[in-house]
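Take a look at the chain below. Turn it slowly before reading on.

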Amino acid sequence: MIFKCRNCGGNTVYEPGRRKMYCPHCESLDSEDIVREGSVCVCGNCGAPLTLNQYTSASKCGHCGSYIVFQERVEGAYEPNLILPFKISKDVAVELLHKEFNKKTFLPSSFLSEKSLEGLEGIYVPFWLYDYQTEYDFVGEGTRVRSWRSGDTEYIETSYYEVIRKMEADFDKVPADASLAMNDGEMDLMEPYAYQELEGFDAKYMSGFFGEVYNQSAQELEERAKVKVKNASEALMQQSLNGYDSVKPRAKNINMNRKRAHYALMPVWMYLYQYRGKTWRFHVNGQTGKVVGATPVSKEKVFAYGFSVLACISVISSLAIAILEVL
């Protein structure tokens, strides 16, 4: 499907800064009409052939530049339950990359160039969001230690306690990305999102961006979510044990009951930078603006910096020797 402007026929896209559909041709707002023609093989606007992978749900025609949402990949079994619309525009994402990396001394000169940053693209990454109900039973031995001095004698008293805790907790929207192309660790670093801003799925939010359907099922990814729930449960339990100097666990039992898994699309700006035959990946959270990625180092800048430092040391040494000779 393509969202066309009813005023001029141009391709309307979702504009994060305006929170509205926008036609970049006639600059009208919310003037979109859905055209449900086309397939995953050809562009529904110009008929040009499209080269897509098996998971692509939204893309851009390389011939006419239209953004296309593939109907058969956002409906039926592939229809998301929820979507978190982009809040950060491309211009803002570029500014955030500059702010994050501009002061790095040994960054390659082309890294933040306008030409390189043209490749920054917004993509809706598929996620499973899990709801869990947990019960945590804990039994352990706690100690409290106090000491005091009387005259020349120091006394230490250790008190022992039977520590029993029973905790119940609900966890909502525990995320696990369902894209094989995305690094799990990098996607975990994208967190947290403001999940209260999730909306019921509407394909119009995808116009202007790339997108994927889930590559892995909720069942396949559930272990990742369980690890997060377990770690969060442990942290909550530890908070309840703060009144002791030490606690030695004797028995721990965590039961996790999955209530529901939501299929959701989350917004990410992705910047792929090619340097010395290697691709460096950077991501900007499309809602919060959080930046994730490690930068390459320019060997030329390192050598130039080292040479300049040595040159300065040499000049200073020469001046010092000259002064000593005069004296």
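This report goes from the whole chain to its pockets, then to one helix and a few single residues.

## The whole chain

The model is predicted. The chain holds five helices and 14 strands. Of its 327 residues, 42% count as buried. Now consider contacts in the chain with a separation of 6 or more. Residues 24 or more positions apart account for 72% of them.

## Two pockets

Rolling a probe the size of a water molecule over the atoms shows where empty space is left. The table sets out the two pockets.

| Pocket | Volume | Lining by class |
|---|---|---|
| Largest pocket | about 430 Å³ | nine nonpolar, six polar and six charged residues |
| Second largest pocket | about 250 Å³ | seven nonpolar, five polar and three charged residues |

Start with the largest pocket, with its volume of about 430 Å³. Its lining has 21 residues, and the closest to the centre are Val13, Glu15, Tyr67, Lys90 and Gly208. Which elements give two or more residues to this lining? They are strand E2 (13-15), helix H1 (90-101) and strand E8 (121-150). E2 gives the largest share, three residues.

Next comes the second largest pocket. Here 15 residues form the lining. Asn53, Ile123, Phe210, Glu212 and Met270 lie nearest the centre. Strand E5 (56-60), E8 and strand E11 (210-212) each supply at least two lining residues.

## Helix H1

H1 also repays a look by itself. How far apart are the end C-alpha atoms of H1? The helix has 12 residues, and at 1.5 Å a residue they should span 16 Å. The end C-alpha atoms are 17 Å apart, which agrees.

Which residues of H1 are buried? They are Ala93, Val94, Leu97 and Phe101. Look down the axis of H1: these buried residues fall within an arc of 100°, so they line one face of the helix. The face turned away from the buried side carries the exposed residues Asp91, Glu95 and Lys99.

Something must cover the buried residues of H1, and the cover includes helix H2 (114-117), strand E12 (246-275), strand E13 (278-285) and strand E14 (291-292).

## Ser89, just before the helix

Ser89 sits in the loop between strand E7 (82-83) and H1. Is Ser89 buried or exposed? The cut-off for buried is under 20% relative accessible area. Ser89 has 15% relative accessibility, so Ser89 counts as buried. Set aside the neighbours within four places in sequence. Ser89 is then in contact with Glu15, Pro16, Gly17 and Trp269. Glu15 also appears among the residues closest to the centre of the largest pocket.

## Met256, on a strand

Met256 lies in strand E12. E12 is also part of what covers the buried residues of H1. Met256 is partly exposed, because its relative accessible area is 27%, and partly exposed means between the 20% and 50% cut-offs.

Which residues does Met256 touch, leaving aside its neighbours within four places in sequence? Met256 is in contact with Tyr132, Gln133, Thr134, Lys226, Val229 and Lys230. Take Lys226 from that list. Met256 and Lys226 are 30 residues apart in sequence. In space, they are 7.7 Å apart, C-alpha to C-alpha.

## Backbone details in the loops

Three loop residues deserve a check of their backbone.

Begin with Pro192. The peptide bond from Glu191 to Pro192 is cis, with omega near 0°. Pro192 has its place in the loop between helix H3 (184-189) and strand E10 (199-200).

Then find Arg19, in the loop between E2 and strand E3 (20-22). Phi of Arg19 is near 60°, a positive value in a residue other than glycine. Arg19 is partly exposed, with a relative accessible area of 47%.

Last is Asp30, which lies in the loop between E3 and strand E4 (32-35). What is the phi of Asp30 near? Phi is near 50°, a positive value in a residue other than glycine. With a relative accessible area of 36%, Asp30 is partly exposed.

Note on methods
Residues numbered from 1 in each chain as written. Predicted model: local features only at pLDDT ≥ 70, side-chain atom pairs only at ≥ 80, totals over all residues. Heavy atoms only, no water. 1 Å grid on protein atoms, 1.4 Å probe; cavity = no way out; pocket = protein on both sides within 12 Å on 5 of 7 lines; lining within 4 Å. Points joined across faces, edges and corners; volume = space filled by probe spheres on them. Helix = DSSP H or I, 4+ residues; strand = E, 2+ residues; numbered from the N terminus. Nonpolar A, V, L, I, M, F, W, Y, C, P; charged D, E, K, R; others polar. Expected span 1.5 Å × (residues − 1). Buried < 20%, exposed > 50% of the residue type's maximum accessible area, 1.4 Å probe, protein only. Arc of directions from axis to C-beta. Contact = heavy atoms within 4.5 Å.
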